[in-house]
Amino acid sequence: MDRTKLSPMMQHYLKTKDEYSDCVLFYRLGDFYEMFFDDAINVSRELELTLTGKDCGMEERAPMCGIPYHASDVYIKKLIDKGYKVAICEQVQDPKLAKGLVERKVIKIITPGTNIGDSDTAGNTYIMTISYMPPSGLGKNQKSEAFGIAVSDLSTGEFLTTSVNTFSKIHDEISKFQPKEIIIQNNPRLVNNNDFMLTYLDLEDKLSITKSNVPDSYFNFESSVKRIETQLNCIGVEGIGLKDLPECVTASGALITYMLETQMDNLMQINNIKLYYISDFMIIDSSTKRNLELTESMRDKEKKGTLLWVLDKTKTSMGARMLRSFIEMPLINIQSINLRLDGIESMNNSIMSRDEMREYMSSVYDLERLITKISMKSANPRDMLAFKTSLEYLPYIQNLLKDFDSDICRKMYQEFDTLQDLYQLLEASIDEDAPLTVKEGGIIKHGYNHVIDEFKDNKKNSKNILAEIEEREREKTGIKNLRIKFNKIYGYFFEVTNSYKDQVPDYFIRKQTLTNAERFVTDELTNVSNAILGADDKLFGLEYDEFVAIREKVAAEVVRVQKTAYFIALIDVLASLSYVAIKNNYVRPSLNSDSIIDIKEGRHPVVECVMKNNEFISNNTYLDGSTNRIMIITGPNMAGKSTYMRQTALICLMAQIGSFVPAESANICISDRIFTRVGASDDLAQGQSTFMVEMNEVSNILRNATKDSLIIMDEIGRGTSTFDGLSIAWAVVEYIADNNLLGAKTLFATHYHELS
């Protein structure tokens, strides 16, 4: 293509497209984002839009499709869900001031892991990086190789990092966070490793993760340290606990670099990196998460029919996200679990206060995501009003915390910041009827800024002047239905219906003819119209500048707002778990380190909620680390073997997230992992039969379980012949039962009666 023949606009479009060749380029033209050439063909197909053409200086018209800019979020989400990246090229110059081509440049790249336009979803949108540090890398005590993992949700400002030393642990973390996008260091140890890539690709396929390539320079240690220091405004990485974890430094530095390069903004909401250790949480791999139906059901991938569905009675989006993370990351530390249990118990003892607090919570919007929009300068006046409404109820919530007698509630009461200075600022400044957009005025309240007030008063006077002109011309011409009207093209004009057009005087200048009326102006009306519109432009400009200043004042308090949002989420989760505990008749579990699971009259939390009239039959469970390590469960199909085993696993998991449990009493030991091998399914995409899938899962359990794990195995060996299946089941049971080999607590359901 000879670009010299193209129009200047099209030349600029192609030059910009060359710079962002891996993205779909949304090119702003007036009120539309337009796409041309290959982008237009692809997008019209993916979004089912009409493909048209545009004259571009060549013989053939350039393929073109477009979308209205104000509805772009919906279209961008669809493209992002299909794995595309979108570069937003905006007009950065006022068209009225432009001489020739309006200046445009790319202001943001939206990728699957950085799309905050879709922040109404209940879950998190995570992006992850994985870095590699060879043996004896930069860490003082590092003897073996290590992998750094950094994960962030741009819409909430959450940023976490950890270090792992095996591929299986990397997969556990990917499964835990289910990121939308992963940036993997282009290191041969990672990308040329068959074991890693096969399992990664399997997860990528199941979880629909986008893999993004970045230059190796992103993972440079020295520049990562500098990037972290600049972002967190700190000196060195010692203060955030990363001194001896170079793999975490490079992973975090690479992730910050990627987010800054795509967002082209300072990301004020990312102001803390939280180091976590996987040893602090129970590990739940993807098959256990699926088999126990923790957050989505096996059948239709919906929330209904899951543990989350039973426990989630939260009132805020922040609380819903935190509860989900509690379920996906149960605790190991008994003291931390008891803190949560104490909080729930104190709320059970003050139900009136708890319910009043939940009532206030209903009016609190998503503070985490609102403060992110505010700090990224994308919040509109309605967002600011939602933010203000949320702050209004914070003093009442803090006051009610006094009624709960537990350490966790007392600590929150003492440290709770009600942000009333920000509430007063917004209450005084933003008009209750402010519009959605920032450029059409009507944002600032009367009395906040005297210059804006003067302009508004003048505007009111102009309306009176227009009314006078209309009345005078009506009397002068005798046209009874003469009206002054307004549109953006002609400004103010007289409209005369056809039945009166004979009476139009000769000093009326025709502007437009309609089917049933004609539009006119006069010199006087044109002068008044210009004066009003000039004043309007100035007023809208002043209001916009004032709004931006207010938004920046609020954005400067991002750290305070995030801390308060965390407390609100935690209160919401504890209140939700308290509400469910009383409604469903749960009890407080006691926790032990003696390897004992003793559940009296346990019930399956989900099944009992689905069944009507309390028909669920409760059961006891007793397992310990010595003679009662393994329970062999037999019985006919549909007798409830799987339900009983899953119920035990769920009660143990609920206890470790700090929830009350469905039982008459429960004394539960801490499990480092829960493994499940339930159900039969083949994986044709990976060329694996039902039997092969089953054997892979069993192999994973035998390799990674410890004596502190809880194992649920349902009918091992049924994917092959009876004799072979019995032999495999027998060997597996013997291996698990042997204290010197494994010795894990196990529930083992089987139809092979020879086993028992």
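**Helix packing and cores in a predicted model**

Guide: H13 passes H16 in a left-handed crossing. The model is predicted.

Visitor: Why are H13 and H16 called roughly antiparallel?

Guide: Set the value against the cut-off. H13 (residues 351–361) and H16 (residues 394–401) pack at about 160°. Angles over 145 degrees count as roughly antiparallel. H13 and H16 therefore earn the term. Their axes are 10 Å apart.

Visitor: Which residues in H13 and H16 meet?

Guide: From H13 come Ser-353, Glu-356, Met-357, Tyr-360 and Met-361. From H16 come Tyr-396, Ile-397, Leu-400 and Leu-401. Seven of the contact residues are nonpolar, one is polar and one is charged.

Visitor: What makes Glu-356 the charged one?

Guide: Glu counts as charged, along with Asp, Lys and Arg. Glu-356 is in the H13 side of the contact, and the contact has one charged residue.

Visitor: Which residues touch the most other members of the largest nonpolar core?

Guide: Ile-170, Leu-311 and Phe-387 do, in a core of 123 residues. Helix H21 (residues 558–583) gives the largest share, 14 residues. A second, separate core has 29 residues, including Val-225, Val-237, Leu-260 and Leu-267.

Visitor: What does Ile-170 touch beyond four places in sequence?

Guide: Ile-130, Phe-147, Ile-149, Val-164, Leu-190 and Phe-196. Each touch means heavy atoms within 4.5 Å.

Visitor: Where is Lys-274, and what is it in contact with beyond four places in sequence?

Guide: Lys-274 lies in strand E12 (residues 274–275). Lys-274 is in contact with Phe-159, Leu-160 and Thr-161. Glu-158 is 116 residues from Lys-274 along the chain, yet their C-alpha atoms are separated by 8.3 Å.

Key:
Residues are numbered from 1 along each chain as its sequence is written. This is a predicted model: local features need pLDDT of at least 70, side-chain atom pairs count only at pLDDT 80 or more; totals for chains, interfaces and linings use all residues. Side-chain values use heavy atoms; hydrogens and water are left out. A nonpolar core is a set of buried Ala, Val, Leu, Ile, Met, Phe, Trp, Tyr and Cys residues joined through side-chain atoms within 4.5 Å. Buried means under 20% relative accessible area, exposed over 50%, partly exposed in between (1.4 Å probe, protein chains only). Helices (H or I, at least four residues) and strands (E, at least two) are DSSP runs, numbered from the N terminus. Axes are lines fitted to C-alpha atoms, for helices over the stretch in contact, and angles run from 0 to 180 degrees between N-to-C directions. Angles under 35 degrees count as roughly parallel, over 145 as roughly antiparallel, 65 to 115 as roughly perpendicular and the rest as oblique. A crossing is left-handed if the near helix is turned anticlockwise from the far one by less than a right angle, and right-handed if clockwise.
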